[in-house]
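Student: I'd like a close look at one part of this fold rather than a full tour. Could you pick a single strand, walk me through its surroundings, and then follow the chain outwards from there?

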Amino acid sequence: MCLAVPGKVIDIAEQDGTRMATVDFGGVLKEVCLEYLPDLRVGEYAIVHVGFALQRLDEESALQTLELFAQLGMLQEEFGDPWELAAQAGGAPWPFTDDPEDVPQEAAQQ
């Protein structure tokens, strides 16, 4: 699933003639294109979809949305390591281990 996720602009730079930002999505940093919001500034929040900042958002709304997404596990789904997510879905420990003490009970019984 691709979500439109609020994030906080950490820094802004021009890359190959395109205004780009490093954006913090609840602890996950991603590069985002700012061409649709040319006046967005460091410290402001924006809703980001598929790598593009689409709409400015106030801090309170952004933080509430990030908290809700985190509670629902949607941030991990959106930004998590796909290998880790697959391992967890299959009941395997992450990171993988040969130590039987580290294997969840459900996986050890299979």
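Tutor: Let's take strand 2, which is mostly covered, with 6 of its 8 residues buried. Bear in mind that we're looking at a predicted model.

For some background, the protein has 4 helices and 5 strands, and along the sequence they come in the order β-β-β-β-β-α-α-α-α. Just 26% of the 110 residues count as buried, so keep that figure in mind when you look at strand 2, where the count is 6 of 8. Now for who sits beside this strand. On one side, strand 1 (residues 5-15) is joined to strand 2 by 7 bridges, and the two run antiparallel. One pairing you can pick out is Lys-8 with its bridge partner in strand 2, Asp-24. Strand 3 also pairs with strand 2 in the antiparallel sense, over 6 bridges. There, Phe-25 has Val-28 of strand 3 as its bridge partner.

Thr-22 is a good residue to zoom in on, as it belongs to strand 2 (residues 18-25). Its relative accessibility is 13%, and because the cut-off for buried is under 20%, Thr-22 counts as buried. Look past its neighbours within four places in sequence, and you find Thr-22 in contact with Lys-8, Val-9, Ile-10 and Asp-11, and also with Leu-29, Lys-30 and Glu-31.

Next, the turns at either end. Strand 1 and strand 2 make a hairpin with 2 residues between the strands, and Asp-16 in that hairpin takes a positive phi near 50°. That's worth a second glance, because most residues other than glycine have a negative phi. Asp-16 is found in the loop between strand 1 and strand 2, and at 83% relative accessibility it counts as exposed. The hairpin of strand 2 and strand 3 also has 2 residues between its strands, and in this turn it's Gly-26 that has a positive phi, of about 60°.

Follow the chain further and there's another non-glycine residue with a positive phi: Val-50, at about 45°. Val-50 is found in the loop between strand 4 and strand 5, and its 58% relative accessibility makes it exposed. Val-50 also helps make a nonpolar surface patch of about 400 Å², together with Tyr-36, Phe-52 and Leu-54.

Two members of that patch deserve a look of their own. The structure holds 1 aromatic pair. It consists of Tyr-36 and Phe-52, whose ring centres are 5.4 Å apart and whose planes meet at 40°, so the pair is tilted. Tyr-36 lies in the loop between strand 3 (28-33) and strand 4 (45-49), while Phe-52 is in strand 5 (residues 52-57), so the pair ties together parts that are 16 residues apart in sequence. Tyr-36 is exposed, with a relative accessible area of 55%, whereas Phe-52 is partly exposed at 31%.

To finish, step back to the whole chain. The protein exposes about 7,200 Å², and 52% of that is supplied by carbon and sulfur atoms. Among contacts between residues at least 6 apart in sequence, 33% join residues at least 24 apart.

Conventions. Residues are numbered from 1 along each chain as its sequence is written. This is a predicted model: local features need pLDDT of at least 70, side-chain atom pairs count only at pLDDT 80 or more; totals for chains, interfaces and linings use all residues. Side-chain values use heavy atoms; hydrogens and water are left out. Buried means under 20% relative accessible area, exposed over 50%, partly exposed in between (1.4 Å probe, protein chains only). Contact means heavy atoms within 4.5 Å. Accessible areas come from the Shrake-Rupley method with a 1.4 Å probe; for residues, only the protein chains shown count as cover. Rings of Phe, Tyr and Trp (its six-membered ring) pair if their centres lie within 6.5 Å; planes under 30 degrees apart count as stacked, over 60 as edge-to-face and the rest as tilted. Patches are made of residues with over 30% relative accessible area and no salt bridge: like charges are joined within 9 Å, nonpolar side chains (Val, Leu, Ile, Met, Phe, Trp, Tyr) within 5 Å. A salt bridge is a side-chain nitrogen of Lys or Arg within 4 Å of a carboxyl oxygen of Asp or Glu. Two strands pair if DSSP finds at least two bridges between them.
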